[in-house]
Amino acid sequence: MISPMRTLLRSLLVATLCLSSSCETYKRLNFYSEQEEAQLGEQAYSEILQGEGKPLITSGANYEMVVRVGRKIAAASGANYQWEFKLIDAPDVPNAFCLPGGKIAVYSGILPITQNEHALAAVMGHEVAHATEHHGAIRMSQGMVTQLGLTIAAAGVSMAKMSDEQKMGVVAALGAGTQVGLTLPFSRDHERDADIVGIRFAIRAGYDPWEAPKLWERMNQLGSSGPGWLSTHPDPLERAEKLRQVIPQILAEEGKLKNP
Ligand SMILES: [Zn+2]
């Protein structure tokens, strides 16, 4: 459990030491243990799955692909999570998420854009990277020293004790769910980190990383008819270009450069 008093004291300390959001201590601020994160992730997962009330797809080629990619990315991440993979039947939702503790959901609306297993691996790698890099917990911790967080902190890590507003705050901070009406982008730093760490996971899992920049170029072509969240996220063409720059280096680091 997170003690509200302990959290308050630490928040005040960080606020004193760290007067700007570019401060390194602030950037890595995380009040949650892995266990607490996983607990919140699991609760948020059932909140989202029940709250959205969308049917799950539990068989067929697409479901098998999501589980296959998920298992390979999970293994490549090296994280010791209680992994779960769900394919949600939502053709109008081009999105995916991974909550802390390895609770993954892919909405079926992303599949016409990913088009192939390699690009899906890039998407799932990116989402898993947000979890393994603790981006959701960091965002919630930063919220504690800024506006929203102390009430969430006071409720500890049990969503059962939270108001609906607090629950939505947690779900949004963890980067998941559509019921809040928008998907909050992580910071530009966290999005960039997730792209890079995620493509490393995809490479390690045996997927072709060059499908990732192509995916971002397809997203860009969709323009305003594409996913609504695109407008609040880093420019897809910039992401494609950055990936093209880093892929050769990551392939080399992973010992895959000479493979076809
Ligand atoms: Zn992201």
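**Exercise 1. Determine which residue just after helix 9 takes a positive phi, and establish how far helix 9 is enclosed.**

Solution. Just after helix 9, Gly-175 has a positive phi of about 80 degrees. The model is a predicted one, in which local features need pLDDT of at least 70, side-chain atom pairs count only at pLDDT 80 or more, and totals for chains, interfaces and linings use all residues. Residues are numbered from 1 along each chain as its sequence is written, and side-chain values use heavy atoms, with hydrogens and water left out.

Next, helices (H or I, at least four residues) and strands (E, at least two) are DSSP runs numbered from the N terminus. Helix 9 covers residues 164-173, and 7 of its 10 residues are buried, so it is largely enclosed by the rest of the structure. Buried means under 20% relative accessible area (1.4 Å probe, protein chains only). Among the buried residues are Gln-166, Lys-167 and Val-170.

**Exercise 2. State the sense in which strand 2 pairs with strand 1 and with strand 4.**

Solution. Pairing requires at least two DSSP bridges between two strands. Strand 1 (residues 56-57) and strand 2 (residues 84-88) are antiparallel over 2 bridges, with Ile-57 opposite Leu-87. Strand 2 and strand 4 (residues 103-107) are parallel over 5 bridges; here Phe-85 stands opposite Ile-104.

**Exercise 3. Describe how helix 4 and helix 6 cross.**

Solution. The axes of helix 4 (residues 61-77) and helix 6 (residues 117-132) come within 9 Å and cross at roughly 45 degrees. The crossing is right-handed.

How values were computed
Buried means under 20% relative accessible area, exposed over 50%, partly exposed in between (1.4 Å probe, protein chains only). Axes are lines fitted to C-alpha atoms, for helices over the stretch in contact, and angles run from 0 to 180 degrees between N-to-C directions. A crossing is left-handed if the near helix is turned anticlockwise from the far one by less than a right angle, and right-handed if clockwise.
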